[in-house]
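Trainee: Mind if we go through this one together? I've got a handful of questions.

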Amino acid sequence: MTPPTPSPAAPLEVTDEDSVTPAKPSALKGNESRSPGRLAWSRFKRDRAGVISGYVVLFFFVVAICAPLISKLYGKDPYTTYGINIPGLLNEFNFPVKPNGGISSEFWFGIEPQLGRDVFTFLLYGIRNSLLIATAATLLTTLFGVVIGITAGYLGGKTDYLVGRVIDILLAFPQTLFFIAFWPVVLAIFVSPEENTPVWLTVTSLIIVMTVFGWASIARLLRGEVLALREREFVEAAKVTGASPARIIFKELLPNLWTPILIQSTLLLPIYVTAEAGLAFLGVGLQDPTPDWGVMLQFGAKYYQDDITFMLFPGLSMVIFVVAFNLLGDSVRDALDPKTKR
Amino acid sequence: MSSTTPLLDVAGLTKHFPVKGGFPIRRTIGAVQAVDGLDFQVAEGESLGLVGESGCGKSTTGRLITRLLEPTAGKISYRGQDITHAGRKDLAPIRSEIQMIFQDPYASLNPRQTVGKIISGPMEINNIKPEGGREKRVRELLEIVGLNPEHYNRFPHEFSGGQRQRIGVARALALEPKLIVADEPVSALDVSIQAQVVNLLQQLQRDLGIAFVFIAHDLAVVRHFSQRVAVMYLGKIVEIADRDDLYGNPRHPYTRALLSAVPEATADETPARERIRLVGDVPSPISPPSGCRFRTRCWKATDKCASEAPPLVQVEGNKPGHLTACHYPETADTVPSPHLTKDPEAAA
């Protein structure tokens with residue numbers, strides 16, 4: 001049901017079409033049939049804002065995936081302290097000598113004050129790490145939310161009651177506060193305070209904690225959807241033919257739930273990106289030597305009175321990403337649910 | 001019917017839905033007696049019509065036979081095998097023989113599956129591999145129910161209500177059932193489409209020898225389709241008889257009232273029929289009346305009706321197989337007392 005990635009030529013063909021009538025060529029073929037998914041895809045292709053934001057999001061993901069390749073071609077990495085190693089880049093106050101954060105043909109986005117690391121590769125890897133955490137958390141959240149929500153909704157009774165109360169408690173929990181307050185406690189269980197926390201542990205615990213608090217809202221939404229769907233006659237029809245509960249859940253119910261699942265997860269990812277950056281900014285989560293959007297913003301906030309450039313690149317790229325992803329989420333919803341009107 | 005075991009034998013079938021209430025601890029405070037002690041048989045290749053007004057337990061009966069609901073009491077046997085409380089695994093071999101056609105063609109087809117997938121699904125579940133593959137069989141089935149086999153890859157939203165109901169019929173046929181429970185299969189369709197679907201079902205019954213339990217509230221449709229008809233009122237069968245017997249010689253007052261409500265097209269040839277207009281509403285199935293359940297609306301009710309529930313028996317003057325549950329059965333010349341029930345316009 002997931003629409004394939006857009007082919008470059010696709011939006012050009014249909015942008016001028018009337019927005020109500022379906023694409024003519026396929027209607028003429030007569031016997032060719034259009035699944036609800038394909039109808040949604042053709043609606044999506046007609047939404048210009050959606051397609052453009054789709055490309056923007058795609059661009060960010062490509063950049064994130066190709067970060068090592070790009071930095072290799074670019075010839076720099078995010079860890080080397082160029083400013084200290086090469087004299088003449090930083091002045092006596094440890095600020096870049098050149099204006100606008102030291103932007104030059106060699107350092108495209110400038111260099112950091114103090115350590116003199118390359119901002120461009122730092123941002124690339126920051127995007128990579130942020131998107132890795134946010135994507136993993138989104139996938140896990142969706143997976144748990146879907147499984148728990150559908151099971152609770154389909155089984156009903158005591159299971160449903162129990163799951164419902166757990167969801168209530170989780171949704172009532174102040175997530176960010178918990179993070180700030182308990183983060184050191186949780187980490188102390190694994191690592192003694194003297195040692196450095198390994199990055200993988202930080203990343204894993206971030207993903208786990210985000211998932212633990214995130215699945216509840218998706219689960220609640222899907223539980224409601226399943227409650228409505230399971231009384232439909234096509235479920236009874238499957239039961240009459242002897243279908244097992246697993247078959248009913250995965251073959252009959254799940255295909256009807258892709259719409260809310262897809263919408264929820266596309267809206268969830270930007271939330272996780274900002275949440276993760278916010279935590280890093282507050283000093284929880286990823287820490288300085290590890291490139292990250294939040295770490296960069298924290299760094300930029302230290303110097304923005306002297307030079308706004310360090311704030312500009314991570315801030316702008318994040319705003320573009322989040323706005324594009326939210327617009328994409330909106331378009332996906334509009335395409336999948338043609339009854340909603342904006 | 002008496003010599004061999006019937007295809008389906010239902011005895012004392014009862015379904016009570018618990019009514020929960022109370023705070024803070026929820027407990028059962030009553031029961032909706034949706035179906036209360038049904039007895040009937042369906043012979044092989046026979047069509048039994050089940051009629052009655054809304055809420056009388058027709059659909060519940062259908063869902064009990066197909067075991068979508070768990071009976072509270074009573075016994076359902078299929079070919080002599082007790083399936084009353086059989087689990088999903090025990091039911092597996094019988095599932096393919098008892099199928100169901102649903103009322104709402106818009107809700108009974110999964111909107112995300114193609115027609116081919118919908119119809120081949122039952123074969124997949126029961127691991128049936130027809131000769132020439134499932135797709136070929138699905139195309140055959142589509143042809144049998146009067147659809148274009150080319151529609152194999154289409155989705156339900158591309159079809160009209162009547163076509164969708166045909167898809168539902170094809171799905172039911174996919175397992176080559178011996179018994180189909182049709183739960184108001186045409187009541188959601190246009191009148192012009194109703195006839196097509198009923199004729200299709202009738203043709204299938206004739207050609208494939210499938211027995212039907214045909215649930216409907218439309219007496220004309222049932223008369224057209226069923227060899228035997230059972231009339232239900234408030235969870236009980238009040239009268240069961242061969243079609244012509246029931247329509248020609250109704251013995252239960254309720255049957256009579258139902259039949260009199262059917263509009264007649266032959267206005268000027270036959271004298272206008274007495275229109276029996278029942279007063280009041282159907283009593284709540286949570287607390288049905290004592291004795292005969294119809295007594296609160298019956299023009300003949302006496303104290304006996306309140307104290308004693310009439311058994312479903314062959315009353316005097318009935319042909320064999322015509323059973324009526326009434327203390328004071330109607331006869332051909334019984335005329336309901338005018339002050340209570342007769343249509344004032346018809347009397348004038």
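Trainee: Let's begin with Glu158(B): is Glu158(B) buried, partly exposed or exposed?

Mentor: Keep in mind that this is a predicted model. Count the other C-beta atoms within 10 Å of Glu158(B) and you get 13. Buried needs 20 or more and exposed needs 12 or fewer, so with its 13 neighbours Glu158(B) comes out as partly exposed.

Trainee: And where in chain B is Glu158(B) placed?

Mentor: Look for the helices on either side of Glu158(B): helix 4 covers 133-144 and helix 5 covers 161-173 of chain B. Glu158(B) belongs to the loop between helix 4 and helix 5.

Trainee: How far apart are the C-alpha atoms of Glu158(B) and Gln194(B)?

Mentor: Along the chain, Glu158(B) and Gln194(B) are 36 residues apart. In space, their C-alpha atoms are separated by 19 Å.

Trainee: On to the sheet in chain B. Which of strands 2, 1, 4 and 5 stand at the edges?

Mentor: Four strands of chain B form an open sheet with antiparallel pairing, in the order 2-1-4-5. An edge strand here has a single partner strand, so one side of it is left without a neighbour in the sheet. That describes strand 2 (27-42) and strand 5 (81-82) of chain B.

Trainee: How many bridges join strand 1 to strand 4 of chain B?

Mentor: Strand 1 takes in residues 8-21 and strand 4 residues 73-78, and the two run antiparallel. For one spot to look at, Ala11(B) stands opposite Lys75(B) in strand 4. The number of bridges joining strand 1 and strand 4 of chain B is five.

Trainee: At about what angle does helix 1 of chain B run to strand 2?

Mentor: Helix 1, residues 58-65 of chain B, lies across strand 1, strand 2 and strand 4. Its angle to strand 2 of chain B is about 75 degrees.

Trainee: Now the interface: which element of chain B gives the most to the side that touches chain A?

Mentor: In total, 27 residues of chain B are in contact with 19 residues of chain A. The elements giving two or more residues on the chain B side are helix 2 (88-95), strand 6 (98-101) and helix 3 (115-125). With four residues, the top contributor is helix 2 of chain B.

Trainee: And by class, how many charged residues are on that side of chain B?

Mentor: The side of chain B that touches chain A has 12 nonpolar and seven polar residues. The charged residues there number eight.

Trainee: Last one: what percentage of chain A counts as buried?

Mentor: Chain A has 16 helices and zero strands. Of its 342 residues, the share that counts as buried is 39%.

Conventions:
Residues numbered from 1 in each chain as written. Chains lettered and ligands numbered in written order. Predicted model: local features only at pLDDT ≥ 70, side-chain atom pairs only at ≥ 80, totals over all residues. Contact = placed C-beta atoms within 7 Å. Nonpolar A, V, L, I, M, F, W, Y, C, P; charged D, E, K, R; others polar. Pairing = 2+ DSSP bridges. Axes fitted to C-alpha atoms, helices over the stretch in contact; angles between N-to-C directions.
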